[in-house]
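Here are some notes for a colleague who will be looking at this model at the bench. Please read them with the sequence and the structure open beside you.

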Amino acid sequence: MIGGVTSPTAPVATTGYPWPIETTRLSNGLRVVVSEDRTAPVVCVNLWYDVGSRHEPPGQTGFAHLFEHLMFEGSQHVKKTEHMKLVQGNGGSLNATTNPDRTNYFETMPSEHLELALWLEADRMGGLVPALTQETLDNQREVVKNERRQRYENVPYGDAWLRLLPLLYPQGHPYHHATIGSMEDLNAAALETFQAFHQQYYAPNNCVLTVVGDTTPAEVFALAEKYFGGIAAVPDIPAAPDGSLPGPAAEPAEETVTAEVPAPRIYLSYRTYPFGDPGYDAVTVLATVLGSGRGSRLYQRLADGARIAQPDYIGSYGVDLAHAPAPLIITATAKDGVPLETLEAGLADVVRSLIDEPVTEDELNRAKALLTTAWWRQVSTVGGRADTLGRYATQFGDPATAADRLSRWLAVTAEDVANAAAETLRPESRVTLRYLPESKDLPESKDPAEEKKDLAEEKDA
């Protein structure tokens with residue numbers, strides 16, 4: 001139900017972040033984070049729900065992502081598709097994403113429409129189930145099927161993530177299956193099962209509401225109380241399955257796929273550390289040294305040097321998952337006429353060099369400059385800042401801990417990188433996925449930078 005009055009906890013001001021942060025918690029458990037910024041007359045409203053594909057029980061894979069779609073299909077007081085029309089018709093933009101760790105909804109609006117955005121989000125938090133019909137469910141199941149075809153099944157190398165996850169994580173692990181889920185599970189579930197999933201996880205005590213921009217904490221706290229305060233908390237929200245693992249894999253895993261791809265491609269992947277762990281900060285710097293841009297070791301040695309890899313299809317990156325050892329993915333695509341075996345041997349040599357050849361001061365400085373640029377680009381907009389604060393509040397309990405991330409990257413030493421490489425890049429821990437072409441003249445594949453944006457995360461629009 002929407003409405004009613006509860007008593008929030010006293011607001012708390014947080015320091016140590018470049019912008020002011022104040023937080024409160026409503027009596028129904030909703031955490032509210034506000035960062036005032038009067039630079040421009042816009043606000044971003046961002047909700048992180050602590051539910052992603054890692055929470056899905058057997059037989060319900062893909063549910064979190066499907067709800068990302070269903071949440072735009074109408075709620076108790078908002079007609080089907082009206083949420084988008086109201087936001088866009090008032091000069092705003094919106095979207096949503098799902099990954100293994102969470103589901104995220106957000107809109108950026110002229111600040112005069114802050115109240116509208118909060119009302120819309122509250123209505124679909126507390127009022128989606130009464131509006132959810134069999135027709136809507138069936139329609140969105142078909143949308144997800146088409147998304148799977150377009151993003152995974154009909155794109156060269158598109159199913160790499162679907163193949164890597166089962167090789168990286170054992171059966172039963174919460175990261176074993178992809179967020180897109182199983183079409184068989186989605187087709188088999190009844191309307192009542194989906195309604196129960198929403199009622200179980202889409203609760204104020206399972207959510208962080210972050211607002212950044214041209215407003216005040218007092219205004220946001222009052223509006224949050226007005227629109228979210230009457231939504232009842234859900235007791236006993238199920239915890240996600242335990243994602244702990246005893247360390248790097250003890251033996252290698254591999255798969256070779258012959259498919260309609262334009263050239264041989266190799267993916268090497270390793271389980272590392274959870275996002276937020278100091279070891280993962282070192283892995284982030286390691287991945288940047290290894291595979292970010294023309295100054296990286298992969299580019300310098302395989303594209304410019306040996307000339308066995310295509311310059312535009314080479315790279316390495318971590319997938320920032322926080323509740324189990326996150327994957328590091330390294331990839332290269334062969335130039336015309338280069339055998340797969342040659343490319344794989346070259347790729348393995350460059351990876352091994354991170355253990356045998358310590359990173360130089362120039363490499364370290366370059367990586368830190370790239371990470372600094374990426375960090376400030378992320379937080380330079382109200383949308384990026386709201387998402388960052390929501391993430392750190394959800395995953396680490398305090399939005400202000402976001403201020404530590406860049407300083408932790410900058411504190412990584414060459415020794416830290418060497419230690420992380422020695423611990424995680426072992427040949428016996430390696431997952432290898434190979435693609436071999438069976439025909440030519442195919443659609444252009446994505447470069448690794450674009451591919452990284454898609455891995456693990458499903459977008460609604």
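The points below take up a strand and its partners, a sheet, a loop residue and a pocket in turn.

1. Before anything else, please keep in mind that this is a predicted model, and that residues are numbered from 1 along each chain as its sequence is written.

2. I would begin with strand β7, residues 207–213, which is mostly covered, since seven of its seven residues are buried. Cys207, Leu209, Val211 and Gly213 point one way from β7, while Val208, Thr210 and Val212 point the other way, and all of them are buried. In a regular strand the side chains alternate between the two faces of the sheet.

3. Strand β7 has pairing partners that run in opposite senses, and they are worth tracing one after the other. With strand β3, residues 31–36, the pairing is parallel and extends over six bridges, and Glu36 has Gly213 as its bridge partner in β7. With strand β4, residues 42–49, β7 runs antiparallel and is joined by seven bridges; here Leu47 finds its bridge partner in Leu209 of β7.

4. Elsewhere, five strands form an open sheet of mixed pairing, in the order β8-β12-β9-β11-β10. Its edge strands are β8 (253–259) and β10 (309–318), each of which pairs on one side only. Neighbouring strands of this sheet are turned against each other by 10 degrees on average, with direction ignored.

5. At the β10 edge of that sheet, β10 pairs with strand β11, residues 327–334, in the antiparallel sense over six bridges. To locate this pairing on the display, one may look for Ile314, whose bridge partner in β11 is Ala332.

6. Is Thr179, in the loop between α5 (160–168) and α6 (183–188), buried or exposed? Its relative accessible area is 1%, and because buried means under 20%, Thr179 counts as buried. The side chain of Thr179 also makes a polar contact, at 3.3 Å, with the side chain of Ser53.

7. Finally, the second largest pocket holds about 190 Å³ of space. The pocket is lined by 14 residues, and those that lie nearest its centre are Glu56, Pro58, Gly172, His173 and His177. Sorted by class, the lining of this pocket consists of four nonpolar, eight polar and two charged residues.

How values were computed. Predicted model: local features only at pLDDT ≥ 70, side-chain atom pairs only at ≥ 80, totals over all residues. Heavy atoms only, no water. 1 Å grid on protein atoms, 1.4 Å probe; cavity = no way out; pocket = protein on both sides within 12 Å on 5 of 7 lines; lining within 4 Å. Points joined across faces, edges and corners; volume = space filled by probe spheres on them. Nonpolar A, V, L, I, M, F, W, Y, C, P; charged D, E, K, R; others polar. Buried < 20%, exposed > 50% of the residue type's maximum accessible area, 1.4 Å probe, protein only. Polar contact = N/O pair within 3.5 Å; in protein donor to acceptor, adjacent residues only side chain to side chain. Pairing = 2+ DSSP bridges. Helix = DSSP H or I, 4+ residues; strand = E, 2+ residues; numbered from the N terminus. Axes fitted to C-alpha atoms, helices over the stretch in contact; angles between N-to-C directions.
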